[in-house]
Amino acid sequence: MLRYSLNAASSCSTRWQALLNSTAATRDDFLRGYTVVMMSFLPKITGSFSSPAADNPTVAVMEAGYAARNLDIRYINCEVAPERLADAVSGAIAMGWLGFNCSLPHKERIIDHLDELSPSATLIGAVNTVIINEGRLIGENTDGQGFVEALRPVSDPLGARAVIFGAGGAARAIAVELALAGAHSIVIVNRSPAKGEKLADHVNSQTDADCSFLAWTPQFSVPDDSTLAINATSLGFYPDHQETLDVDVESLRPDVIVADVVPNPPETLWLQAAAAAGCATLNGIGMLVNQALVNARLWTGQTLDATVMHQALSKALQIS
Ligand code: NDP
């Protein structure tokens, strides 16, 4: 509830009583001359459930975005062990949260607690965003949407011929969203062949994109007709930032867009090698900020300021 705080010297209870009894017009007259501070002591709440949670920078991005739009909404980063997920969900419902993000290890287990899944989340088989609407829980997956939104200004996903390294959660979300956005073909390359084949079969059977698996052989050569090459593995993530993909970078033509999901460091060795080969690059920061923008739209109906959120993330990760 919104409260008015009168911080002028209004001593008398009779004047206060008169204010309470007044019409809107006389109330406005009364308030003129006072400094009226509008305060709410009950912000709306959003947040994240994961474990470990301490290294998740999303809180910095979301709170900067809310503050820049003067929204009285908080984002609370919560450490939630797998066996306490049900309690955390009940708590969020009880406290009237707008919704929450789910990160590892909850992205699949959360589905048991939801009333409804979006088409993307159904196809991806995992949820990273939950919207609470009048007590009903709706699961979305915005990981891949964040990637596609970040890609659009650089290259249209429609008709793309993508090669994706990895077959984990990020790769699955990106493969599905690229397929839904009209990619022509997707090649999955993964260290564990069984996982890679499973993802390729799934995307191939559930979407219109032509999706296949290729074994990750040493110094892997990016297929000639590729227009997009994405690292969706965790290779290169700080503190293992000296690791990179076993790929022959000479096979990258300069017109291939090269992307990385790893946000820290933003310029991974993979992206540095691609830039040296003359390719345009897309780092993991864009995916993270765009995902946060989509989440905020789902929870609040508002579009937050991407530049402010980008700066907040850079500051949080101490990126100059
Ligand atoms: P998963 O654990 O689900 O998958 C990890 C993937 O990386 C698997 O395909 C795994 O291969 C592969 N991998 C790990 N180590 C190696 C290695 N040494 N050599 C080759 N392949 C390897 O993780 P996620 O998919 O959830 O996350 C992947 C990355 O994406 C993380 O760094 C995460 O931070 C980032 N991410 C970024 C987001 C953003 O907004 N920027 C959003 C979501 C994730 P295998 O199957 O063989 O084990």
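In which helix is valine 176 found? Valine 176 is found in helix H7, and this account, which concerns a predicted model, starts from that residue and proceeds to the helices and loops around the chain. Valine 176 counts as buried because 31 other C-beta atoms lie within 10 Å, where 20 or more suffice for that class. When neighbours within four places in sequence are left aside, the contacts of valine 176 are Ser120, Leu123, Ile124, Gly144, Val203 and Thr207. Alanine 121 stands 55 residues from valine 176 along the chain, yet the C-alpha atoms of the two are separated by 9.5 Å.

The protein chain as a whole contains 11 helices and 14 strands. Of its 320 residues, 41% count as buried. Among contacts between residues at least 6 apart in sequence, 68% join residues at least 24 apart.

Helix H7 packs against helix H6. Two packed helices are described by the angle between their axes and the distance between the axes. For H6 and H7, the axes come within 7 Å and cross at roughly 60°. The two helices are therefore oblique to each other, and their crossing is right-handed. On the H6 side the contact is made by Asp143, Gly144, Gln145, Phe147 and Val148, and on the H7 side by Gly169, Ala170, Ala173, Ile174, Val176, Glu177 and Leu178. Sorted by class, this contact has 7 nonpolar, 3 polar and 2 charged residues.

Helix H6 is largely enclosed by the rest of the structure, because 9 of its 9 residues are buried. The buried residues of H6 are Asp143, Gly144, Gln145, Gly146, Phe147, Val148, Glu149, Ala150 and Leu151. Their cover includes helix H5 (119-124), H7, strand S14 (281-282) and H10.

The ligand is surrounded by 23 residues, of which Gly168, Gly169, Arg191, Ser192 and Thr233 come nearest. Helices H6 (143-151), H7 (169-180) and H10 (284-300) each supply at least two residues of this shell. The largest share, 4 residues, comes from H10. In terms of class, the shell divides into 10 nonpolar, 10 polar and 3 charged residues. Gly169 takes part in two of these settings: this residue is listed among those that come nearest to the ligand, and it also belongs to the contact of H7 with H6.

A second helix pair is formed by H3 (residues 58-68) and H11 (residues 306-316), which pack at an angle of about 145° with their axes 8 Å apart. The crossing of H3 and H11 is right-handed. Ala60, Val61, Ala64, Gly65 and Ala68 of H3 meet Val308, Met309, Ala312, Leu313 and Ala316 of H11 in this contact. By class, the contact has 9 nonpolar residues, 1 polar residue and no charged residues.

Alanine 316 lies in helix H11 and counts as partly exposed, because it has 15 C-beta neighbours inside 10 Å. Leaving aside neighbours within four places in sequence, alanine 316 is in contact with Pro57 and Ala60. Although alanine 316 and threonine 58 are 258 residues apart along the chain, their C-alpha atoms are separated by 9.3 Å.

Several loops hold backbone features of note. Most residues other than glycine have a negative phi, and most peptide bonds are trans. Against this background, the peptide bond from serine 51 to proline 52 is cis, with omega near 0°. Proline 52 is found in the loop between strand S3 (44-50) and H3. Tyrosine 238 and proline 239 are likewise joined by a cis peptide bond, for which omega is about 5°. Proline 239 belongs to the loop between strands S12 (228-231) and S13 (257-260).

Positive phi values occur at two residues that are not glycine. In glutamate 134, phi is about 50°; this residue is found in the loop between strands S7 (129-133) and S8 (136-140). Glutamate 134 counts as exposed because it has 4 C-beta neighbours inside 10 Å. Glutamine 219 has a positive phi near 50° and is placed in the loop between strand S11 (210-215) and S12. With 10 other C-beta atoms within 10 Å, glutamine 219 is also exposed, the limit for that class being 12 or fewer.

Technical notes:
Residues are numbered from 1 along each chain as its sequence is written. This is a predicted model: local features need pLDDT of at least 70, side-chain atom pairs count only at pLDDT 80 or more; totals for chains, interfaces and linings use all residues. A residue is near a molecule or strand if its C-beta atom, placed from the backbone, lies within 6 Å of it. Ala, Val, Leu, Ile, Met, Phe, Trp, Tyr, Cys and Pro count as nonpolar, Asp, Glu, Lys and Arg as charged, and the others, Gly among them, as polar. Axes are lines fitted to C-alpha atoms, for helices over the stretch in contact, and angles run from 0 to 180 degrees between N-to-C directions. Angles under 35 degrees count as roughly parallel, over 145 as roughly antiparallel, 65 to 115 as roughly perpendicular and the rest as oblique. A crossing is left-handed if the near helix is turned anticlockwise from the far one by less than a right angle, and right-handed if clockwise. Two residues are in contact if their C-beta atoms, placed from the backbone, lie within 7 Å.
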